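Visitor: I would like a close look at one spot in this model. Start with its neighbours, then work outwards.

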Amino acid sequence: MHLSNKLVIAISSRALFDLQDSHRVFEERGLEAFAAYQIEKENDVLAKGDAFPLVEKFLRINQLLSGEAGVEVILLSRNSADTGLRVFNSIEHYGLNITRAAFCNGDSPYRYIAPFGCHLFLSSDGQDVRRALEQGVAAATLVAGGEGHRSDPILRFAFDGDAVIFSDEAEQLFKREGLAAFAAAERARAQTPLGGGPFKGFLEALQRLQVEFGPDCPIRTALVTARSAPAHERVIRTLREWNIRIDESVFLGGLPKGEFLRAFGADVFFDDQPNHCASAAEHVATGHVPHGVANLED
């Protein structure tokens, strides 16, 4: 059996569950104390983490597909298999269909992302996320916050454009020469497709799954970007060139994104700029994509 025909998301244990207490033990008292704490608590169910509602909705998609499951969640953890037993016990308690995992006993699990064929990696560890991006995998650091998730079955992904779906070439020019030069360049290059960003592959895989469902698809996508006319045309033509369909596109012209993301009902929003992520996280679950010119000073 191979996972190539599935949409695969990798999730860290600290993103899926609230592991603050045990992580504090690790930071303050070391690995042996952490291991003892996890073993002592292994039958205590962990509270849900920032990514739990998203994962729960994502796995529910399999119930709507006929035949073989179309999505899979892989658990990647810095725990050892021994200390990770508490994590798997909690997965069983909540009824999550997660059966594959890599426990790395203190090391980063990012090196298993590619062998598992993951399309997206979500973590609370920014360094692991950067390493995944370097491997060419869409990845984001989850920002704590948000006011909860819709209880309906529709899974809603929202994306910023530049440096997320697209390359950061236009954003580099904006940083270097300002808004007027950016707008003029985008108007002049309206017929020239933008390069692909780190989330292009994930969006393509997501669309393949959407096509399987047809008109009653339980997945919706939105582009929520600070761009406005005339810089909108290049974005539209790029997606057309890639043969990627976005369900909703919102061109904000610099307005704050939070209220619009809440109106869309995003289960998660991906953006490259830390200040945009902090603002959006007040309204919806948000993933920071540490890629491109906006993150060179991080």
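Which residues does Asp-272 touch, not counting residues up to four places away in sequence?

Guide: A word on the ground rules comes first. This is a predicted model, where local features need pLDDT of at least 70, side-chain atom pairs count only at pLDDT 80 or more, and totals for chains, interfaces and linings use all residues. Residues are numbered from 1 along each chain as its sequence is written, and side-chain values use heavy atoms, with hydrogens and water left out.

Now the contacts. Asp-272 touches Asp-160, Asp-162, Ala-163, Val-164 and Glu-171. It also touches His-288, Val-289, His-291, Ala-294 and Asn-295. Residues up to four places away in sequence are not counted. Contact here means heavy atoms within 4.5 Å.

Where does Asp-272 sit? It is in the loop between β9 (268-271) and α12. Helices (H or I, at least four residues) and strands (E, at least two) are DSSP runs, numbered from the N terminus.

Asp-272 is buried, yet it has no salt bridge. The nearest side chain of opposite charge is Lys-257, 6.3 Å away. Buried means under 20% relative accessible area, exposed over 50%, and partly exposed in between (1.4 Å probe, protein chains only). For charge, Lys and Arg count as positive and Asp and Glu as negative, while His and the chain ends are not counted. A salt bridge needs a side-chain nitrogen of Lys or Arg within 4 Å of a carboxyl oxygen of Asp or Glu.

Lys-257 is the residue to follow next. Its side chain meets that of Asp-160 in a salt bridge, at 3.0 Å from N to O. The pair links distant parts of the chain, 97 residues apart. Lys-257 is in the loop between β8 and α11, and Asp-160 is in the loop between β6 and α7. Both Lys-257 and Asp-160 are buried. Asp-160 is also one of the residues that Asp-272 touches.

Lys-257 has another partner. It forms a salt bridge with Asp-271, and here the closest N and O atoms are 2.7 Å apart. This pair, too, joins distant parts of the chain: Asp-271 belongs to strand β9, Lys-257 to the loop between β8 and α11, and 14 residues separate them. Asp-271 is buried, as is Lys-257.

Return to the contact list. Ala-163, which Asp-272 also touches, lies in the loop between β6 (155-159) and α7. Its phi is positive, about 75°, although Ala-163 is not a glycine. Is Ala-163 buried or exposed? It counts as buried because its relative accessibility is 0%.

Asp-162 is another contact of Asp-272. It belongs to a network of salt bridges that also includes Glu-169, Glu-186, Arg-227 and Arg-234.

Now the wider count. How many salt bridges does a search of the whole structure find? It finds 19. One of them pairs Asp-267 with Lys-57, the closest N and O atoms being 3.1 Å apart. This pair links distant parts of the chain, with the two positions 210 residues apart in numbering. Asp-267 lies in the loop between α11 (258-264) and β9, and Lys-57 lies in helix α4 (residues 52-60). Asp-267 is buried, and Lys-57 is buried as well.

Two backbone details lie elsewhere. The peptide bond from Ala-229 to Pro-230 is cis, with omega near 5°. Pro-230 sits in the loop between β7 (219-225) and α10 (232-242). Asn-243 has a positive phi near 60°, and it is a residue other than glycine. Its place is the loop between α10 and β8 (248-251). Asn-243 counts as exposed because its relative accessibility is 63%.

To recap the spot you asked about: Asp-272 is buried and has no salt bridge. Lys-257 is 6.3 Å from Asp-272, and it forms salt bridges with Asp-160 and with Asp-271.
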